[in-house]
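Notebook open, coffee poured. I want to go through this one piece by piece and jot down what I look up.

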Amino acid sequence: MMRNEKGYTLLYALMGLMVLCVVSLLLLQLLTFFHHVSQEPHNQSEAFYLAAHQLEQELLGGQHVQVTPTSLSFEVNSDQIYYAATGGRLVRQVDSKGYEIVINDISSATFTMNDGVVVMTLVDQKGRAEQWHFICGLDRPIMTASSSP
């Protein structure tokens with residue numbers, strides 16, 4: 001008696017294809033996750049740098065600098081510029097009208113001023129801090145940065 005086993009070939013091929021698709025999907029999800037995790041610190045540091053660079057450009061012509069622990073205000077071309085940390089973000093306001101979000105997802109932003117040096121410290125949600133120093137009273141403010149893990 002002869003056995004005919006050719007009927008299961010298509011079924012086995014479909015099951016193998018299904019397993020291949022599931023494994024490929026899981027691998028893709030894993031690679032996507034690791035890509036996002038690896039990019040996160042760079043993006044936050046870049047956002048911190050852009051916020052500091054914007055402040056540096058505005059301090060270029062700034063006068064009458066006033067600092068509180070959570071805010072910074074100064075005057076540029078008769079416009080009153082105000083930076084403050086509110087609700088997990090750093091916002092910028094001009095002449096007390098509306099506001100612009102400078103950076104999101106921060107834990108805190110603090111400002112200090114000693115001998116003409118304005119220090120801005122930004123801390124992200126994971127506790128990483130970056131500190132930016134601006135020397136005021138010159139033709140061009142000098143910006144330096146330091147960070148901590």
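**Entry 1: a tyrosine to start with**

Is tyrosine 49 buried, partly exposed or exposed? I looked up its relative accessible area, which is 38%, so tyrosine 49 is partly exposed. Before going on, a reminder to myself: this is a predicted model.

Next I looked for aromatic pairs, and a search of the whole structure gives three. One of them joins phenylalanine 33 to phenylalanine 34 in an edge-to-face arrangement, with 5.4 Å from centre to centre and 65° between the planes. I checked phenylalanine 34 as well: with a relative accessible area of 47%, it is partly exposed.

Back to my tyrosine. Tyrosine 49 and tryptophan 132 make a tilted aromatic pair, 5.9 Å centre to centre with 55° between the planes. This pair links distant parts of the chain, since tyrosine 49 is in helix H1 and tryptophan 132 is in strand S8, 83 residues apart. Tryptophan 132 has a relative accessible area of 5%, so I put it down as buried.

**Entry 2: where tryptophan 132 sits**

I stayed with strand S8 for a while. Which residue is the bridge partner of methionine 120 in S8? I found tryptophan 132 there. The strands involved, S7 and S8, pair in the antiparallel sense over seven bridges. Their hairpin has four residues between the strands, and in it glycine 127 takes a positive phi near 90°.

I also noted a salt bridge between the side chains of aspartate 124 and arginine 128, at 3.0 Å from N to O. Aspartate 124 has 3% relative accessibility and so counts as buried. Arginine 128, at 26%, counts as partly exposed because the cut-off for buried is under 20%.

**Entry 3: the nonpolar core**

How many residues does the largest nonpolar core have? I get 22, and those with the most contacts inside it are Leu55, Phe74, Tyr83, Leu90, Met120 and Phe134. Helix H1 (9-59) gives two or more residues to this core, and so do strands S2 (71-76), S3 (79-86), S5 (97-103), S6 (106-114), S7 (117-124) and S8 (129-135). The largest share, five residues, comes from H1. A general note for the margin: in soluble globular proteins, nonpolar side chains tend to be buried together.

I then picked leucine 55 and listed what it touches, leaving out residues up to four places away in sequence. Leucine 55 touches Leu72, Phe74, Tyr83, Met120 and Phe134.

**Entry 4: the five-stranded sheet**

In what order do the strands of the open sheet run? I wrote down S1-S2-S3-S4-S5, five strands with antiparallel pairing. The edge strands are S1 (63-68) and S5, each pairing on one side only. From one strand to the next, the twist averages 20°.

I took a look at one end of the sheet. S1 and S2 pair over four bridges in the antiparallel sense. Threonine 68 stands opposite serine 71 in S2.

**Entry 5: alanine 47**

While in helix H1 I stopped at alanine 47, which lies there. Its relative accessibility is 25%, so alanine 47 counts as partly exposed. I also checked a separation: the C-alpha atoms of alanine 47 and valine 102 are 8.6 Å apart, with their positions 55 residues apart along the chain.

**Entry 6: salt bridges around arginine 92**

How many salt bridges does the structure hold? I count three. I have already noted the one between aspartate 124 and arginine 128, so on to arginine 92.

Arginine 92 forms a salt bridge with glutamate 58, and the closest N and O atoms are 2.6 Å apart. This pair links distant parts of the chain: arginine 92 is in strand S4 (residues 89-94) and glutamate 58 is in helix H1, 34 residues apart. Both arginine 92 and glutamate 58 are buried. For arginine 92 I have a value, a relative accessible area of 16%.

Glutamate 100 also forms a salt bridge with arginine 92, with 2.9 Å between the closest N and O atoms. Glutamate 100 has a relative accessible area of 34%, so it is partly exposed. Salt bridges that share partners thus join Glu58, Arg92 and Glu100 into one network.

Technical notes:
Residues are numbered from 1 along each chain as its sequence is written. This is a predicted model: local features need pLDDT of at least 70, side-chain atom pairs count only at pLDDT 80 or more; totals for chains, interfaces and linings use all residues. Side-chain values use heavy atoms; hydrogens and water are left out. A nonpolar core is a set of buried Ala, Val, Leu, Ile, Met, Phe, Trp, Tyr and Cys residues joined through side-chain atoms within 4.5 Å. Buried means under 20% relative accessible area, exposed over 50%, partly exposed in between (1.4 Å probe, protein chains only). Contact means heavy atoms within 4.5 Å. Two strands pair if DSSP finds at least two bridges between them. Axes are lines fitted to C-alpha atoms, for helices over the stretch in contact, and angles run from 0 to 180 degrees between N-to-C directions. A salt bridge is a side-chain nitrogen of Lys or Arg within 4 Å of a carboxyl oxygen of Asp or Glu. Rings of Phe, Tyr and Trp (its six-membered ring) pair if their centres lie within 6.5 Å; planes under 30 degrees apart count as stacked, over 60 as edge-to-face and the rest as tilted.
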